[in-house]
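Work through the following exercises with the sequence and the model side by side. Each task is followed by a solution that proceeds step by step.

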Amino acid sequence: MSRLGVALLFAAAGCTDFATPAQLATPQLIAVVAEPPVVRPGQTSALTAVVAGPDGVVTGLTPRWSLVESFPTVPPMGTVSADGDGARYAAPAEVPERPEGVPPIDTVRLEVDVTVDGAPRTLAALKVMGVVDVDAENPTIRVVDAAGAEVTALTAAVDAPLALAIEPDPAPTEDARFAWYATVGEIEAYQSNPTELTAAEPGAGTVIVVYRDGAGGVAWRELPITVE
């Protein structure tokens, strides 16, 4: 199956909408990463959840993982089990016969408990796993400045827009999606690449970007930022 075929498989499955930057005032699930993003029959994939809040990426959480129906009356094919702070999805050795029009996918549901204003809250998301006999890898990304040089930390001036951009590898297709988050300042066009951050007052925090290649692959980066 070609990359286009894999992208169509994930498009048919749909996807979960993740948080907007404004919602990062409380912890939110912003990504679920599978390594590899597409699984060969009989193989496994490691799953991790990315939760972020007002202080950046949150660690030390223990999500709960389960398989749910991707399509009504069509049971899951594989299995999923907790593995440390992540999980491992195991694909069946052979893809069972599927009804016409139903692609070879499983859907993993995760739930993770966080605390918001002293009260417990459960976050949930879905991750689609394609079971296809192809090589698949997550993309890599570089965060770059206006001149195209890679950066690992950001500095901005009050009320001066700061250019933000990533360079994915492989190059993005029309199915690619971008999501920017910041714990200081505002990113109005948060699903654009490039975009800009503007802060009205000094402070320090983090900028997080999540990149989805449209074929199941996910990459993300977290960078410290200082507004002077």
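**Exercise 1: a salt bridge between two loops**

In this predicted model, the side chains of Arg40 and Asp135 come together in a salt bridge, with 2.5 Å from N to O. Task: determine which parts of the chain this pair ties together, and how exposed Arg40 and Asp135 are.

Solution. Begin with the positions: Arg40 belongs to the loop between strand S2 (38-39) and strand S3 (44-53), while Asp135 belongs to the loop between strand S9 (119-131) and strand S10 (140-144), so the salt bridge ties together parts that are 95 residues apart in sequence. Next, turn to accessibility: Arg40 has a relative accessible area of 28% and is therefore partly exposed, whereas Asp135, at 70%, passes the limit of 50% and is exposed.

**Exercise 2: salt bridges between strands**

Task: the whole structure holds nine salt bridges; locate the one between Arg64 and Asp113, then the one between Arg142 and Glu167, and state which strands each pair links.

Solution. For the pair Arg64 and Asp113, the closest N and O atoms are 2.8 Å apart. Because Arg64 lies in strand S5 (residues 64-68) and Asp113 in strand S8 (residues 105-116), this pair ties together parts that are 49 residues apart in sequence. Arg64 is partly exposed at 37% relative accessible area, and Asp113 is partly exposed at 40%. This pair also belongs to a network of salt bridges that links Arg64, Arg109, Glu111 and Asp113.

For the pair Arg142 and Glu167, the side chains meet at 2.5 Å, N to O. Arg142 sits in strand S10 and Glu167 in strand S12 (residues 162-169), so that the salt bridge links distant parts of the chain, 25 residues apart. Arg142 is partly exposed, with a relative accessible area of 30%, and Glu167 is partly exposed as well, with 37%.

**Exercise 3: the nonpolar cores**

Task: which element gives the most residues to the largest nonpolar core, and which residues does Trp180 touch?

Solution. The largest nonpolar core has 24 residues, and those touching the most other members include Leu154, Leu164, Trp180 and Val207. Two or more residues come from each of S10, strand S11 (154-156), S12, strand S13 (177-182), strand S15 (203-212) and strand S16 (218-227). Of these, S16 gives the most, namely four residues. Leaving aside residues up to four places away in sequence, the contacts of Trp180 include Pro21, Leu164, Ile166, Tyr190 and Val207. Finally, a second core of 21 residues is separate from this one, with Leu47, Val80, Ala87 and Leu123 among its members.

Methods. Residues numbered from 1 in each chain as written. Predicted model: local features only at pLDDT ≥ 70, side-chain atom pairs only at ≥ 80, totals over all residues. Heavy atoms only, no water. Salt bridge = Lys/Arg side-chain N within 4 Å of Asp/Glu carboxyl O. Buried < 20%, exposed > 50% of the residue type's maximum accessible area, 1.4 Å probe, protein only. Core = buried A, V, L, I, M, F, W, Y, C linked by side-chain atoms within 4.5 Å. Contact = heavy atoms within 4.5 Å.
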